[in-house]
Amino acid sequence: ERQNKLIRPSHYITMDDIIREGNPTLRGVAERVALPLSNVDILLGEKMIQFLRNSQDPVMAEKLELRAGVGLAAPQLDISKRIIALLVPSEPKFDEEGNEIPSKEDYALNTVMYNARIISHSVEEAAIATGEGCLSVDREVPGYVVRHARVTIEYYDKNSEKKKIRLKGFHSMVPQHEIDHTDGIMFYDHIDPENPWKMREGMQIID
Ligand SMILES: Cc1nc(NNC(=O)[C@H](CC2CCCC2)CN(O)CO)c(F)c(N2CCN3CCOC[C@@H]3C2)n1
Ligand code: NI
């Protein structure tokens with residue numbers, strides 16, 4: 001079974017494990033995982049975070065030929081489960097001389113979310129200034145990917161504990177992109193086909 005292969009200790013997730021547009025799993029609605037979490041679902045989450053770490057490490061990314069990622073969803077591994085991994089580096093802070101202040105937290109988001117769902121969100125919308133990409137999409141699709149500016153997400157962590165987190169700005173964009181994958185939604189579904197770079201009333205642009 002696919003998941004058993006991916007969770008073998010010696011296996012590293014690579015681009016070969018990531019399915020691409022056209023595979024129907026990307027358009028399916030993924031199943032919630034059983035709670036308390038099974039070992040195989042916990043192990044899969046660890047492998048997904050490891051992939052993101054490797055993808056952000058110049059040496060490992062080069063060695064394993066990985067595209068860089070800050071998020072990954074289980075359906076991208078052809079596993080239709082509501083498991084998402086998030087590894088979003090903290091924004092570097094600079095002092096008045098322009099020197100980077102080392103932050104205590106390397107990551108703004110460093111977690112695997114099980115059965116994540118958006119329980120409330122702002123009316124206000126936002127989009128990443130440069131648009132979005134996707135590891136399952138081997139082409140550029142330009143345009144503003146219009147999302148909620150702020151979200152409240154409820155999920156279970158790897159200890160099967162229920163968590164609630166409020167996010168805004170770029171940090172909220174990544175889980176929205178990943179939760180979309182568990183609902184069979186692709187980032188370009190949110191781009192206006194008539195005018196991809198259309199500024200909508202009150203929409204925030206995130207640099
Ligand atoms: C914005 C960004 N998107 C990257 N890729 N795309 C992805 O992550 C897709 C998911 C993201 C697309 C937009 C929102 C979520 C993957 N998606 O398909 C999963 O469903 C990056 F790689 C990236 N960064 C910034 C941080 N940097 C730290 C050092 O290492 C390089 C890394 C590059 N920022
Ligand atoms: Ni994606």
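**View 1. What counts as a regular set of donors around a metal?** Six donors count as octahedral if opposite donors are over 155 degrees apart and all others lie between 65 and 115; a set of six that misses this is called irregular. Keep that rule in mind for the nickel ion (ligand 2) in this predicted model. Its six donor atoms subtend angles of 30 to 148°, so the arrangement comes out as irregular.

**View 2. Here are the protein atoms that hold on to the nickel ion (ligand 2).** Look for the SG atom of Cys134 and the NE2 atoms of His177 and His181: these are the protein donors, and they sit 2.1 to 2.4 Å from the ion. Along the sequence, the donor residues follow the spacing C-x42-H-x3-H.

**View 3. Two of the donors share a helix.** Which helix holds both His177 and His181? That's H4, residues 170-182, where the two histidines are four residues apart, or about one turn of the helix. Are they buried or exposed? His177 has 9% relative accessibility, so it counts as buried. His181 is buried too, with a relative accessible area of 1%.

**View 4. Five strands make an open sheet.** Read across it and you get the order E1-E2-E5-E8-E9, with antiparallel pairing. At the edges are strand E1 (71-73) and strand E9 (162-168), each of which pairs on one side only. On average, neighbouring strands here are turned by 40° against each other, if you ignore direction. In case you're wondering what links strands like these, the strands of a sheet pair through backbone hydrogen bonds.

**View 5. Zoom in on E8 and E9, an antiparallel pair.** Strand E8 covers residues 150-156, and seven bridges join it to E9. For one of the matched-up pairs, find Arg150: its bridge partner in E9 is Lys168.

**View 6. Helices H2 and H4 meet the five-stranded sheet.** Helix H2 (residues 39-55) lies across E1, strand E2 (83-89) and strand E5 (107-121), and it runs at about 30° to E2. H4 packs on the sheet as well, touching E1, E2, E5, E8 and E9. The direction of H4 makes about 160° with that of E2.

**View 7. There's also an open sheet of three strands.** Its order is E7-E6-E10, and the pairing is mixed. Strand E7 (147-148) and strand E10 (204-206) are the edge strands, each pairing on one side only. Strand E6 (residues 125-128) runs parallel to E10, and three bridges join the two. Spot Ile128 here: it stands opposite Ile206 in E10.

Conventions. Residues are numbered from 1 along each chain as its sequence is written. Chains are lettered from A and ligands numbered from 1 in the order in which they are written. This is a predicted model: local features need pLDDT of at least 70, side-chain atom pairs count only at pLDDT 80 or more; totals for chains, interfaces and linings use all residues. Side-chain values use heavy atoms; hydrogens and water are left out. Donors are N, O and S atoms within 2.8 Å of the metal (3.2 Å for Na, K and Ca); water is not among the atoms, so sites may look incomplete. Four donors count as tetrahedral if all angles lie between 85 and 135 degrees; four count as square planar and six as octahedral if opposite donors are over 155 degrees apart and all others between 65 and 115; anything else is irregular. Buried means under 20% relative accessible area, exposed over 50%, partly exposed in between (1.4 Å probe, protein chains only). Two strands pair if DSSP finds at least two bridges between them. Axes are lines fitted to C-alpha atoms, for helices over the stretch in contact, and angles run from 0 to 180 degrees between N-to-C directions. Contact means heavy atoms within 4.5 Å.
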